[in-house]
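Dear colleague,

I am handing over the structure we spoke about, and I would ask you to keep it open while you read the notes below it.

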Amino acid sequence: MGVAVRVEHGAAAREPAFDPTATTPFGPWRAVDWEVRPDERNDSDQAEVAQSAWTSAGAAPAGSGSRGVPGRLRGLGSRFGWGLADQAVSSLTNFAVSLYVARTLGAVQFGAFSLAYVTYSFILNASRGLATDPLTVRFSGVGTGAWKKAVSAATGTATAVGLLAAAGMLAAGLLLSGTARSAFIAMGLTMPGLMLQDAWRYAFFAHGQGARAFLNDLIWAAAMAPALITLRLTGHETIFWFVLAWGAAATIAAAAGPLQARVIPRIHHTRTWITTHKDLAIRYMVEESFNSFSGQVRAYGLAFFATLAAVGAVQAAITLMGPFFVIMGGISLVTVPEAARVLRHSPRHLRLFCVLLAIGLAIGACAWGGILYAALPKGLGEWLLRGIWRPTFPLVLPLTAAVIGACITAGAIAGLRALGSSRRSLRAEVITSALYIVFTLAGAAEWGAIGAVGGGAVATLIGAAIWWFQLHVALRESGVTQLALTGRQPGKHRMPPGTKASQPAALRPRPATGFRAELDQRGEL
């Protein structure tokens, strides 16, 4: 009874101030001066305050037994399950469209579609770096009020990127001719919707709402199916109408996002969002761009030093790894929000989370690569790839090694993103991308396709070591390492309570940047 009285008193004393530290990974509300006022809090936020009070007092509220270890494991499994389901729908949708276009339109128009799709992928990565990467790093697992404010600005930023990309692709389309002109114009018309739909996916996963992301992708697929059937029945099977139908279906799903989240994207908050999170946004944009660029250089370099047949063999091997890539992509949707939750609830377990993530993914890659290596010579290769399975088969083992390196890297990436250490993640990405380009091109020039894949595997494994070294240094700089070794916050025994040095750097509030003040001046709060 005495404990309960003290807990209620502590909660009441803390209520007016509504300290956000307990409900954020490392104090992002203070970092952007964007906390929710007490009168703006909804039931979910009130519950989190009460939970925080019980936790800080060393007790547990009545009926909270389900949130023990079994309950948390069930929640973790559910979030990863929705990530896999969502990635499966997204990947299968894109694969089905690519296959349908290739079988219906032929090589020339499919080449135009591929060129437009590569451009779309590059812009998509840049949009994620500016908008949704900072969102998942700083607003995963926070209160609903703060999440909605952040999502409003982040989705507005993604839409703004789409509008700028649309202008560029329309201008490029006017300068091009033939099928490429049609593909770029159609893609340009739908770029804002494509960028916004992808932003909703990451926004929902940041708030632990994978089911809503899955539903949004289902809406995209459901809208696209009748559109493609209509094109076939009306005789409008051209590259322009295929791309327009694909992008328009994504726009319909993007329009459903505000109804699901009850949040309106605010394009006029784009500048404020980027400047507020420029320590993350700019670096993540460059990081994502380097990642896309290195892959494109590998493909073009292989075509230059070897042959188009070698490019086809490498692409066929990548296609064989497709089912595992779906699993890896689905898990990657959830890893950064989950790492942020680990940092929030138990910072000393962040390293263990990253290690277990890397080991689990690497074991999955080994298993799938072993299955392919054993099954391809026994008829699976001929059934899937027909005549090109023989030049593809020698690439399975080096490609599996490369994927294992990528899996090991994924654990370190999740940790660096959770810590918000964008400077170190950018450094690791630049070095790894440079190694990847050099090793793959050197291997392609000397040994063709197997040299390119083998060189990429060596570069990826070396890059994994670089990523983990950067994570180790970031953990040490943040104070999480000392917290894990001593079980208490660094310097706490020397510093008076409430001082900045009494908290790990990863959990320490950062200086305000005037974000809330700017929104107040515009009457948005």
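**What was found in the model**

V458 has a relative accessible area of 39%, so this residue counts as partly exposed. It should be said at once that the model is a predicted one, and that V458 sits in helix 18. Together with V438, F439 and I462, V458 makes a nonpolar surface patch of about 310 Å².

Helix 18, which runs over residues 422–478, also holds T432. Is T432 buried or exposed? With a relative accessibility of 13%, T432 counts as buried, because the cut-off for that word is under 20%. If the neighbours within four places in sequence are set aside, the residues in contact with T432 are A459, G463 and W467.

**The chain as a whole**

The chain has 20 helices, while the number of strands is zero. Of its 525 residues, 50% are buried, and the chain exposes about 23100 Å², of which carbon and sulfur atoms supply 66%. When contacts with a separation of 6 or more are considered, 81% of them in the chain are between residues 24 or more positions apart.

**How confident the prediction is**

The mean pLDDT of the chain is 78, and 75% of the residues reach 70 or more. Confidence is highest in helix 17 (residues 396–419), with a mean of 95, and lowest in helix 1 (residues 2–14), with a mean of 36. Please read two stretches with care: over residues 1–67 the pLDDT stays under 50, although the model has 118 contacts beyond four places in sequence for them, and over residues 488–525 the pLDDT likewise stays under 50, with 82 such contacts in the model.

**Salt bridges**

How many salt bridges are there? The count comes to 11, and a few of them are worth following in the structure by eye.

In one of them the side chains of D86 and R201 meet, with a distance of 2.7 Å from N to O. Because D86 lies in helix 4 (residues 69–105) and R201 in helix 7 (residues 178–206), this pair ties together parts of the chain that are 115 residues apart in sequence. D86 counts as buried, since its relative accessibility is 0%, and R201 counts as buried too, at 4%.

Another salt bridge is formed by R417 with E287, where the closest N and O atoms are 3.0 Å apart. Here R417 belongs to helix 17 and E287 to helix 11 (residues 278–305), so the pair ties together parts that are 130 residues apart in sequence. Both R417 and E287 are buried.

A further salt bridge is the one in which the side chains of R424 and E477 meet, at 2.7 Å from N to O. R424 is buried, because its relative accessible area is 9%, whereas E477, with a relative accessible area of 43%, is partly exposed. Elsewhere, salt bridges that share partners join D86, R128, D198, R201 and D217 into one network, and you have already met D86 and R201 as a pair.

**Cysteines**

A disulfide is a covalent bond between the sulfur atoms of two cysteines. How many disulfides does a search of the whole structure find? The search finds zero. C407 is in no disulfide, and the nearest cysteine sulfur, which belongs to C366, is 8.4 Å away; a disulfide would need the two sulfur atoms within 2.5 Å, so this pair does not qualify. C407 is buried, with a relative accessible area of 0%, and C354 also counts as buried, at 0% relative accessibility.

**A residue in a loop**

One last place to look at is R262, which is found in the loop between helix 9 (239–261) and helix 10 (270–276). The phi angle of R262 is near 55 degrees, which is a positive value in a residue other than glycine. Because its relative accessible area is 72%, R262 counts as exposed.

With best wishes

Definitions and conventions: Residues numbered from 1 in each chain as written. Predicted model: local features only at pLDDT ≥ 70, side-chain atom pairs only at ≥ 80, totals over all residues. Heavy atoms only, no water. Buried < 20%, exposed > 50% of the residue type's maximum accessible area, 1.4 Å probe, protein only. Helix = DSSP H or I, 4+ residues; strand = E, 2+ residues; numbered from the N terminus. Contact = heavy atoms within 4.5 Å. Patch = residues over 30% accessible without salt bridge, like charges linked within 9 Å, V, L, I, M, F, W, Y side chains within 5 Å. Areas by Shrake-Rupley, 256 points an atom, 1.4 Å probe, with all protein chains shown as cover. Salt bridge = Lys/Arg side-chain N within 4 Å of Asp/Glu carboxyl O. pLDDT = per-residue confidence, 0-100.
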